[in-house]
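Trainee: I'm new to this one and would like a close look at a single part. Could you walk me through it?

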Amino acid sequence: MNEQGSPQAGTNLDPWYHHYAERAGGLRASEVRALFAVASRPEVVSLAGGMPFVSALPQELVINAMERVMVEQGAVALQYGSGQGVPALREQILEVMALEGIRAHADDVVVTTGSQHALELVSKLFLDPGDVVISEGPSYVTAMVIFKSYQAEIDHVPMDENGLIPEALREHIASLKAAGKRIKFLYTIPSFHNPAGVTLSWERRLEILQIARENDILVLEDNPYGLLYFDQPAPDAMRSVEQDGVVYLGTFSKTLAPGFRVGWALAPHAIREKLVLANEAAVLSPSSFSQLVISEYLSSADWKGQINTFRGVYHERKNALLGALDEYLPELGWTNPNGGFYVWLTLPERLDSKAMLPRAVTELVAYTPGTAFFADGDGHQNMRLSFCYPTPENIRVGIRRLATVIRAELDLLDTFAGTGSLRAAPSGRQFGAPPPNLS
Ligand SMILES: Cc1ncc(COP(=O)(O)O)c(C=O)c1O
């Protein structure tokens with residue numbers, strides 16, 4: 001290390017430290033990644049990860065599809081394919097999107113290696129250093145990693161129980177413009193938000209599209225969870241009303257399985273052409289094998305029935321999580337998602353979810369601290385609880401353990417500070433401030 005604390009060549013563990021491009025600085029491992037390695041031990045109830053419960057997908061369905069693909073079109077499946085994706089699958093993707101009100105043409109669909117790769121490609125096309133991406137606060141952590149790796153700034157607009165707040169969006173756009181910033185797009189997860197669990201109302205979808213139109217801002221609509229609703233479907237996708245100003249991202253990761261790594265972008269014509277070129281430059285072609293297996297699955301299996309099965313599983317788990325919160329931590333505030341995988345919990349003001357995590361893992365429960373979901377260090381008072389993977393019984397065990405940790409933490413603070421006991425988070429409407437109990 002030199003006096004400024006930066007490593008010199010030959011004195012640090014990475015001899016190439018000084019050779020990396022500036023943008024590589026945005027690629028940082030999460031501070032809690034090491035803890036998550038511990039949290040994956042079987043005795044720990046992990047409410048941290050967002051892994052779909054793929055065991056609810058009967059393996060025969062996939063095996064049958066794979067077998068048929070290999071017998072009937074093995075040579076195609078094992079070969080490079082089109083950079084835009086298999087035409088038959090792109091047609092079937094139209095049927096999937098139609099369930100959320102989208103009418104489109106297969107020419108405008110680009111198949112990607114998961115929607116994660118679509119996020120990467122869109123960022124590559126649009127982001128220069130210093131550009132601004134507006135996103136909800138909190139937002140999906142690995143989208144923000146990409147935006148930062150393109151040296152973009154992230155501006156968080158607050159949400160409430162109906163999603164992104166249009167008035168706040170207007171204010172943020174005005175002040176960013178006044179500061180001379182270049183806003184490149186609005187990144188939004190309107191349905192069953194990761195991590196907040198809330199859904200943007202229909203009225204707000206229309207209003208936000210109108211704001212984007214007025215201000216010439218592209219909307220990047222990321223919708224991995226839309227079909228995984230519990231009681232009622234989410235409002236139709238924003239793309240269903242606006243074609244020219246929205247790039248829509250979908251995926252088979254949550255409605256089928258993430259192991260296929262197949263997602264897609266639906267984009268206005270000109271953007272779509274560039275996306276295909278960027279896709280080819282990055283991967284030549286998305287996996288022919290995965291695409292053909294999914295295409296076969298969609299034509300021969302009851303895929304809508306399978307999505308219903310997933311919905312039932314996740315609904316039961318959400319009820320287990322909220323029931324356990326009611327029982328063990330009734331004083332706290334949390335969101336009540338009508339779909340997806342996540343609940344956003346608000347702690348008493350004095351607690352810090354990140355600082356508390358090692359103690360939680362020692363007590364054999366893990367969660368994701370709220371700070372992971374803000375680019376600006378906010379979120380200490382929050383955590384994301386994922387109900388997708390553990391069984392309902394384990395979810396209850398996990399919340400009981402979490403309650404023990406929270407109470408012990410408050411007792412400790414009381415001992416040292418002599419201040420009050422566990423109390424409800426003060427009411428407030430936005431996630432920047434503690435939200436009310438929305439359950
Ligand atoms: C909001 C959001 N977008 C995108 C992704 C990426 O999904 P995939 O690349 O598996 O399609 C995820 C995964 O959890 C997500 O939660």
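Trainee: Let's take strand β6 (residues 183-188): why is it largely enclosed by the rest of the structure?

Mentor: Before the strand itself, a word on what you're looking at. This is a predicted model, where local features need pLDDT of at least 70, side-chain atom pairs count only at pLDDT 80 or more, and totals for chains, interfaces and linings use all residues. Residues are numbered from 1 along each chain as its sequence is written.

Now, β6: six of its six residues are buried, so the strand is largely enclosed by the rest of the structure. Buried here goes by a count: 20 or more other C-beta atoms within 10 Å of the residue's own, against 12 or fewer for exposed and anything in between for partly exposed, with C-beta atoms placed from the backbone. The strand labels come from DSSP: strands are E runs of at least two residues, helices are H or I runs of at least four, and both are numbered from the N terminus.

Look at the neighbours next. β6 pairs with strand β3 (residues 132-137) in the parallel sense, over four bridges; to count as paired, two strands need at least two DSSP bridges between them. In that pairing, Ile134 stands opposite Leu186 of β6. Strand β7 (residues 218-222) also pairs with β6 in the parallel sense, again over four bridges. Here Phe185 stands opposite Leu218 in β7, and Thr188 stands opposite Glu221 in β7.

How does the chain get from β6 to β7? The path runs through helix α7 (residues 202-214), and this β-α-β crossover is right-handed. Right-handed means that, with the strands pointing away from the viewer, the path from the first strand over the helix to the second runs clockwise.

Step back and you'll see the whole sheet: eight strands in an open arrangement, ordered β2-β9-β8-β7-β6-β3-β4-β5, with mixed pairing. At the edges sit β2 (109-112) and β5 (163-164), each pairing on one side only. Helix α3 (residues 87-98) packs on this sheet, touching β2, β8 (246-251) and β9 (263-266), and its direction makes about 100° with that of β2. Residues are in contact when their C-beta atoms, placed from the backbone, lie within 7 Å. The angle is taken between N-to-C directions on a scale from 0 to 180 degrees, using lines fitted to C-alpha atoms, for helices over the stretch in contact.

Notes
Two residues are in contact if their C-beta atoms, placed from the backbone, lie within 7 Å.
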